[in-house]
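User: Please take a close look at the ligand surroundings in this structure. Then place that site in its wider context.

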Amino acid sequence: MKRHVVIAGAGLAGVHTAAQLREQGWQDAITLLGAEDHAPYDRPPLSKAVLLGTATPADLGLGVDLDALGVTHLPGRTATALRPGDRVLDTDAGPLPYDHLVIATGAMAVTLPGTGGTPGTHVLRTLDDARRLRPVLESRGSVVAVGAGWIGAEAATAAAAAGSPVTVVEAAPHVLAGALPPAVTEPMRAWYAEAGATLLTGRAVTGVRAGEVELADGTVIGADAVLVGIGSRPATGWLAGSGVPLAADGSVAADAALRAGPPGVWAVGDCASFPSARYGRRLLVHHWDNALTGPRTVAAGILGRAAAHDPVPYFWSEQFGRYVQYAGRHGDGDVLLRRGDPDGGDRAWSALWLRPDGTPTAVLAVDRPRDLAQGRRLVERGTPLDPDRAADPATPLKAAAAR
Ligand SMILES: Cc1cc2nc3c(=O)[nH]c(=O)nc-3n(C[C@H](O)[C@H](O)[C@H](O)COP(=O)(O)OP(=O)(O)OC[C@H]3O[C@@H](n4cnc5c(N)ncnc54)[C@H](O)[C@@H]3O)c2cc1C
């Protein structure tokens, strides 16, 4: 008898789950439904080439030919509820029975309270969002980005490159405050000014009205577009009452094999958290690499093979003409080493976090992709390093292993 995998969410994780199922030998039906009315596409170019107007269709592709894989894709179809007891997914166009259901509904942009529907206010999560913002840059309209996180920095890069006056307003005292400590982000502050963007840190936005933003100190900044880039949260509201366990952050609380509770239900990508044995805690990772690699585990599980998803998290960002990459997860007690001196004018540099015993926990590289590649492998393997050699930017990281 033919069995049926239904995948809810046609983003990176959903599409690659379908591809992995075929690659690992699933021969029965696969249905992939997605709320958006587009062919599946890749999100990283949205805040880069799409905003700049230089993206080609190839840039946006996910590299998977769904037709050739015999996957039924239902665009513009939204999952509305789940009835695991009946093995039925309800959608806005009727029920879909399943043998296995993969929840891959990703995340949605967090908005500032009270700004929904304010003219000229934007978020940047979808292709439609990027296409709404692009004309402002094309006409060199002014932009205020709320939040100096990854999205704010990349959008400011695109706006500045397009010739739009751009101001980034950040409530925290430094940029990328949610991800990295000031010791490594302080040199990044200069990148904004160098590109012609104004950066205001330690300044909270208290109001967004059509055409302007108001700060807590009463400052009012005019803007043709206000981009709210203050984070994302799992798109799991539709699962309320389904019996699928949700963590406090709204993610599906999956297990190590990415099973989501009820029999035959799985969860992967930005919508799912998982217990990491590597880090001894539950992780919710909103980065591309996690959504690409999780599907391997889900497909293996559906095919009855034991697998666990426990990656060293990795992400990259392209901002202000620099390639920024981070792999691992640093802890408060880790020792920070710099390779190169950004304060002394080095354009390319990296940072490494080591436990007191020399084991690397994370690496950050700015235009030093080799440091990232080698550091990532050392983090994955837990190879202890000699701190003196690791801090010497002329020594390849792989040659800095403790003897
Ligand atoms: C602008 C932008 C730039 C980024 N740049 C980088 C980068 O440079 N580096 C990096 O590492 N990461 C980057 N990321 C993060 C990365 O793109 C995400 O981690 C990745 O897209 C997650 O994939 P996903 O499939 O889990 O979720 P998504 O890509 O969000 O896909 C989920 C899909 O499910 C659909 N959906 C939601 N609810 C339902 C429903 N109820 N029914 C049906 N369908 C539904 C959504 O419409 C969406 O199409 C970026 C993200 C954004 C938004």
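Analyst: The ligand shell comes first, then the domains, one helix, one sheet and one strand residue.

This is a predicted model: local features need pLDDT of at least 70, side-chain atom pairs count only at pLDDT 80 or more, and totals for chains, interfaces and linings use all residues. Residues are numbered from 1 along each chain as its sequence is written.

There are 36 residues around the ligand. A residue is near a molecule or strand if its C-beta atom, placed from the backbone, lies within 6 Å of it. G9, G11, R43, G106 and G269 come nearest. Two or more shell residues come from each of α1 (12–23), β2 (29–34), α8 (288–302) and β22 (314–319). Helices (H or I, at least four residues) and strands (E, at least two) are DSSP runs, numbered from the N terminus. By type, the shell holds 19 nonpolar, 12 polar and 5 charged residues. Here Ala, Val, Leu, Ile, Met, Phe, Trp, Tyr, Cys and Pro count as nonpolar, Asp, Glu, Lys and Arg as charged, and the others, Gly among them, as polar.

Now the domains. The protein divides into domain 1 (4–108 + 232–302), domain 2 (111–228) and domain 3 (321–400). The bounds come from an automatic or database domain assignment. Domain 1 and domain 2 each give at least three residues to the ligand shell. The centres of domain 1 and domain 3, taken over C-alpha atoms, are 33 Å apart.

Next, helix α5. It covers residues 150–162, 13 in number, and reaches 18 Å from first C-alpha to last. That is close to the expected 18 Å, which is 1.5 Å times one less than the number of residues. In α5, 11 of the 13 residues are buried, so the helix is largely enclosed by the rest of the structure. Buried means 20 or more other C-beta atoms within 10 Å of a residue's own, exposed 12 or fewer, and partly exposed in between, with C-beta atoms placed from the backbone. Among the buried ones are W150, I151 and E154. G163 follows α5 with a positive phi, near 95°.

Then an open sheet. Its 3 strands run in the order β13-β14-β15, with antiparallel pairing. Strands pair if DSSP finds at least two bridges between them. β13 (205–209) and β15 (220–222) are the edges; each has a single partner strand, so one side of each lacks a neighbour in the sheet. β14 (residues 212–215) pairs with β15 over 3 bridges. There, E214 stands opposite V220.

Last, S232 lies in strand β17 (residues 232–234). S232 is partly exposed, with 18 other C-beta atoms within 10 Å. From A193, S232 is 39 residues away in sequence and 27 Å in space, C-alpha to C-alpha.
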